[in-house]
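Thanks for coming, everyone. I have one structure to go through today, so let me put it on the screen.

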Amino acid sequence: MGNGGGRKDKGRLAAGREAPRGELPSSSRAAKRQREAAMGNRYFPNDLPDFVAEASDGGEERAPAGVHGLLSIPYPRLSDRLLRAALRLKDKVVEETWSRARGQVTTDYTLYTGALGTALLLFKSFQVTGNRGDLTLAGDIVQACDAASSGLPFLTFICGKAGVCALGAVIAKHCDDQLLVTHYLSSFDEIIVTEKVPNELLYGRAGYLWACLFLNKHIREKTIPLEHIGSVAKDIIKEGRKLSNKGSSPLMYEWHGKKYWGAAHGLAGIMHVLMHTELKPDEQDDVKNTLRYMITNRYPSGNYPSSEGSESDRLVHWCHGAPGVALTLAKAYEVSAASIHRAYIASSKWRLLSGCGWSYK
């Protein structure tokens, strides 16, 4: 696994003599070629420079074509261009996912892959532009999602009722509809996190906590009592310690029998959420050392295993692989810059073909 102890004597040739300095033994070179071939259709090589200087006033017309030229545009003009492009894309998403569905939630109400994601996009647009039309449409979509999710057991922000209630309450607040705020918060209070609930972000306790954090940020502090948030976080820590092994990661979790590392079902997503909560010093140390364990055992390529013990270096998505881990390490640098070095935040090797992220900001 990664750089960990599962690989023995890979730095030596079959005959027992050491490989020349800087040269991989033939078996390692072959394995590297196999990994690169498997990943070849999953990422673009990142050939972008670390920095592109802004063009001087009036120099935009002489800027080189392509991405380099775009990055050289003075920031105010570049920001305006990107905003206009983002709003066009927003309109296209709304047309494809909502207007063509004739304003109905047919099969998928979730934020992750369904109509609630369109509502969140519209709310984000409102936050940037102040467009009340986007806010009103977002509220209409959430109400449709509220009806579609009635009675379903899922409880997380991304894939469950908690996301509907949390986003609905925030949008209702911005619409000055206190009755609707009360409705969504009352529905949220009815969600029960049982002992059988897993711990991961997509369907588990971490995903429920994300909804609590979203409400406390956008409604008011302590909308969800900090004692309740702390209790759920404590349960997540407790479960993680049960599965940890001495000498390896202080925290470990399972989803359908596999010990995942990624953002959707594993360590990266759970650690990201825990870093937004109030933890005791020993709990903070467990989170910090879990991230150190992941950094130490990443693949030579800079990518991260999808699960404990996996040697398949091919998944480069938010769910599994470096992109989801990068978001978590960025948060780790924010809360503990001296302990998690920013050099580990992202690999310079990849630009993704696909993926997504999450935020409650």
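I'll start with the overall picture, then take two helix pairs, two buried residues and two loop residues.

First, a caution: this is a predicted model. Please keep that in mind for every value I quote.

Now the overview. The protein has 12 helices and 2 strands. Along the sequence, the order is α-β-α-α-α-α-α-α-α-α-α-α-α-β. So much for the layout. What share of the 361 residues counts as buried? The figure is 43%. Next, contacts. Take those with a sequence separation of 6 or more: 60% of them join residues 24 or more positions apart.

On to the first helix pair, α4 and α6. Helix α4 covers residues 115-129, and helix α6 covers residues 161-174. Their axes are 11 Å apart, and the packing angle is about 30°. An angle under 35 degrees counts as roughly parallel, so α4 is roughly parallel to α6. The crossing of these two helices is left-handed.

Which residues make this contact? From α4, we have L116, A119, L120, F123 and F126. From α6, the partners are G163, V164, L167, V170, I171 and H174. By class, that contact divides into 9 nonpolar residues, 2 polar and no charged. Look at the numbering on both sides while you have it on screen. An α-helix has 3.6 residues a turn, so residues three or four places apart point the same way.

Before leaving this part of the chain, look at V94. V94 sits in helix α3, residues 75-99. Is V94 buried or exposed? Buried: its relative accessible area is 9%, and the cut-off for buried is under 20%. What does V94 touch, beyond residues up to four places away in sequence? The answer is S99, T118, L122 and L137. Pick out L137 from that list. V94 and L137 are 43 residues apart in sequence. In space, their C-alpha atoms are 9.7 Å apart.

Now the second pair, α11 and α12. I'll take each helix in turn, then the packing.

Helix α11 runs over residues 281-296, which is 16 residues. From first C-alpha to last, α11 reaches 22 Å, close to the 22 Å expected at 1.5 Å a residue. Its buried residues are E283, D286, V287, T290, L291, Y293, M294 and I295. Where do they pack? Against three helices: α9 at 226-243, α10 at 267-274 and α12 at 322-335.

Helix α12 has 14 residues. Its span is 20 Å from first C-alpha to last, close to the expected 20 Å. Buried in α12 are A322, P323, G324, V325, A326, T328, L329, K331 and A332.

How do the two helices meet? The axes of α11 and α12 are 12 Å apart, at an angle of about 135°. Antiparallel would need an angle over 145. At about 135°, α11 is therefore oblique to α12. This crossing is left-handed, and so is the crossing of α4 and α6.

The contact itself: L291, M294 and I295 come from α11. They meet V325, T328, L329 and A332 in α12. The class count here is 6 nonpolar, 1 polar and no charged residues.

One residue in α12 needs its own slide, and that is K331. K331 is buried, at a relative accessible area of 12%. Which residues does K331 touch, leaving out those up to four places away in sequence? They are H272, M275 and H276.

Last topic: backbone angles in the loops. Two residues have positive phi without being glycine.

D176 is one, with phi near 60°. D176 lies in the loop between α6 and α7, where α7 is 178-189. It is exposed, with a relative accessible area of 70%.

H256 is another, with a positive phi of about 50°. Where is H256? In the loop between α9 and α10. H256 is exposed too, at 68% relative accessible area.

To recap the pairs. α4 and α6 are roughly parallel. α11 and α12 are oblique. Neither contact includes charged residues.

That's the tour. Questions, please.

How values were computed
Residues are numbered from 1 along each chain as its sequence is written. This is a predicted model: local features need pLDDT of at least 70, side-chain atom pairs count only at pLDDT 80 or more; totals for chains, interfaces and linings use all residues. Side-chain values use heavy atoms; hydrogens and water are left out. Axes are lines fitted to C-alpha atoms, for helices over the stretch in contact, and angles run from 0 to 180 degrees between N-to-C directions. Helices (H or I, at least four residues) and strands (E, at least two) are DSSP runs, numbered from the N terminus. Angles under 35 degrees count as roughly parallel, over 145 as roughly antiparallel, 65 to 115 as roughly perpendicular and the rest as oblique. A crossing is left-handed if the near helix is turned anticlockwise from the far one by less than a right angle, and right-handed if clockwise. Contact means heavy atoms within 4.5 Å. Ala, Val, Leu, Ile, Met, Phe, Trp, Tyr, Cys and Pro count as nonpolar, Asp, Glu, Lys and Arg as charged, and the others, Gly among them, as polar. The expected span of a helix is 1.5 Å times one less than its number of residues. Buried means under 20% relative accessible area, exposed over 50%, partly exposed in between (1.4 Å probe, protein chains only).
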